[in-house]
Amino acid sequence: QVQLVESGGGLVQPGGSLRLSCAASGSIFSINVMGWFRQVPGKERESVASINSGGSTNYADSVKGRFTITRNSASKTVYLQMSNLKPEDTALYYCNIVARDSAWRLRNYWGQGTQVTVSS
């Protein structure tokens, strides 16, 4: 059983900052990619940022220069530092990892989501 536990969401004013965390536990071997997605009602889930095992990162154009993704491989934790937040960043944020299970199959795992609301 694999669990992704997210934390750090909440209500913040425009221009403010939040830090999301996601800790993975369970039968996970060799994490390839860790990332964050977000979704608003009526829209498709979109990729926000990702980081691979080598430390290379990718960001959505809408968050470049404002969000930073990092990971701690030893603790199987991924972080998303969000700065200069805008109302359009309001969404349910999901943690995602791509990792091999005990049978060495590549699997896609999701967290339960944490709400980020940017409003004055």
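Me: Before we look at the sheets, when do two strands count as a pair here?
Reply: Happy to start there, and do keep in mind that this is a predicted model. For two strands to pair, DSSP has to find a minimum number of bridges between them, and that minimum is at least two.

Me: In the open sheet of four strands, what is the strand order?
Reply: The pairing in this open sheet is antiparallel. Neighbouring strands are turned against each other by 15° on average, direction ignored. Read across the four strands, the order is β1-β3-β8-β7.

Me: Why is one side of β1 and of β7 left without a neighbour in the sheet?
Reply: Look at β1 (2-7) and β7 (67-72), which stand at the edges. One side of each has no neighbour in the sheet because each has a single partner strand.

Me: Which residue in β8 is the bridge partner of Thr70?
Reply: Strand β8 covers residues 77-82 and pairs with β7 in the antiparallel sense, over six bridges. In β8, the partner of Thr70 is Tyr79.

Me: Which residue of β11 stands opposite Gly10?
Reply: Strand β2 (residues 10-12) runs parallel to β11, and three bridges join them. Strand β9 (residues 91-100) is also joined to β11 by three bridges, but runs antiparallel, with Tyr93 partnered by Thr114. Opposite Gly10 in β11 stands Val116.

Me: Along β11, which side chains point to one face and are buried?
Reply: In a regular strand, side chains alternate between the two faces of the sheet. Strand β11 (residues 114-118) shows such alternation, with Gln115 and Thr117 pointing to the other face and not buried. Buried here means under 20% relative accessible area, and the buried side chains are Thr114, Val116 and Val118.

Methods
Residues are numbered from 1 along each chain as its sequence is written. This is a predicted model: local features need pLDDT of at least 70, side-chain atom pairs count only at pLDDT 80 or more; totals for chains, interfaces and linings use all residues. Side-chain values use heavy atoms; hydrogens and water are left out. Buried means under 20% relative accessible area, exposed over 50%, partly exposed in between (1.4 Å probe, protein chains only). Helices (H or I, at least four residues) and strands (E, at least two) are DSSP runs, numbered from the N terminus. Axes are lines fitted to C-alpha atoms, for helices over the stretch in contact, and angles run from 0 to 180 degrees between N-to-C directions.
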